Amino acid sequence: MRTPRALLTAAAVLLPVALGASPAPADMDYATPGSLPSDALCMSVTSGNGCFRKYGDQFWVRNWDSPGTGLEVRWENALWDGSRWQTYRTGSCSAYELNTGQWGVCNKDFYENSSTNKWGFKGSQVRWRIVAGTSFGPWSPWHLNDA
């Protein structure tokens, strides 16, 4: 028998494709409960909050609607290849399993802006946005990942 998480993951990947949209982000995580640190960079929409903390490469999410409503933070990580920024990784941090108003965290591991990346150059940046159901919030500005 499939778990609700497995069914949600399958629906998140297959439904957009069936509707002609791009598939869900490649790196999909469910947030674990935690306490938001004071140095996180945050954005808000009516139904929730989404944050990024450079130190630790953490995405934070909080849903103000009832649990299971699908609020998530979608993120992109781009690396400098010597001539331009290229998307390297994409993903999401979902508040699906959190209680209403509870903060949750997803831990990532990005190249630091000052370290040599996959293409042999220095440069790593991150941006994110809040997605609530079919409503997409604006992207944050790009932030150099230089904790």
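These legends accompany close-up views of a predicted model.

Local features are given where pLDDT is at least 70 and side-chain atom pairs where pLDDT is 80 or more, while totals for chains, interfaces and linings use all residues of this predicted model. Residues are numbered from 1 along each chain as its sequence is written, and side-chain values use heavy atoms, with hydrogens and water left out.

**View 1. The whole chain and its confidence.**
The chain contains 1 helix and 11 strands; helices are DSSP runs of H or I with at least four residues, strands are runs of E with at least two, and both are numbered from the N terminus. Along the sequence the order is α-β-β-β-β-β-β-β-β-β-β-β. Average pLDDT (the predictor's confidence in each residue, from 0 to 100) is 84 for the chain, and 81% of the residues reach at least 70. Residues 1-24 stay under 50 in pLDDT, and the model gives this segment 15 contacts beyond four places in sequence; a contact means heavy atoms within 4.5 Å. Of the contacts between residues at least 6 apart in sequence, 59% join residues at least 24 apart. The chain has 147 residues, 39% of them buried. Buried means under 20% relative accessible area, exposed means over 50%, and partly exposed lies in between, with a 1.4 Å probe and protein chains only.

**View 2. The disulfide of Cys42 and Cys51.**
The chain has 2 disulfides, each counted as a pair of cysteine sulfur atoms within 2.5 Å. One joins Cys42 to Cys51, with an S to S distance of 2.1 Å. The torsion about this S-S bond is about 110°, so the disulfide is right-handed. Cys42 is partly exposed at 43% relative accessible area, whereas Cys51 is buried at 0%. With the bonded cysteines numbered in sequence order, the pairing in the chain reads 1-2, 3-4.

**View 3. The disulfide of Cys93 and Cys106.**
Here Cys93 is joined to Cys106 with an S to S distance of 2.2 Å. The link is right-handed, with 85° about the S-S bond. Cys93 belongs to strand 7 (residues 85-94) and Cys106 to strand 8 (residues 103-107), so the disulfide ties together parts 13 residues apart in sequence. Cys93 and Cys106 are both buried.

**View 4. Strand 9 and its partners.**
Strand 9 spans residues 124-132, and 8 of its 9 residues are buried. Two strands are called paired if DSSP finds at least two bridges between them. Strand 9 pairs with strand 6 (residues 71-80) in the antiparallel sense over 9 bridges; Gln125 of strand 9 is the bridge partner of Ala78. Strand 9 also pairs with strand 11 (residues 143-144), again antiparallel, over 2 bridges. In that pairing, Val126 has His143 of strand 11 as its bridge partner.

**View 5. The hairpin of strands 9 and 10.**
Strand 10 (residues 135-136) pairs with strand 9 in the antiparallel sense over 2 bridges. Phe136 of strand 10 is the bridge partner of Val131. Between strand 9 and strand 10 are 2 residues, and the two strands form a hairpin. Gly133, in the turn, has a positive phi of about 65°.

**View 6. Aromatic rings around Phe52 and Trp128.**
The structure holds 9 aromatic pairs. Rings of Phe, Tyr and Trp (its six-membered ring) pair if their centres lie within 6.5 Å; planes under 30 degrees apart count as stacked, over 60 as edge-to-face and the rest as tilted. Phe52 and Trp128 form a tilted pair, 5.8 Å from centre to centre with 40° between the planes. Phe52 is in strand 4 (residues 48-53) and Trp128 in strand 9, 76 residues apart, and the pair links these distant parts of the chain. Phe52 is buried at 0% relative accessible area, and Trp128 is buried at 1%. Ring pairs link Phe52 and Trp128 with Phe59, Trp75 and Phe110 into a cluster.

**View 7. The charged end of Arg127 and the ring of Trp139.**
The charged end of Arg127 sits over the ring of Trp139, 4.2 Å from the ring centre. A charge sits over a ring if NZ of Lys or CZ of Arg is within 6 Å of the ring centre and within 35 degrees of the ring normal.
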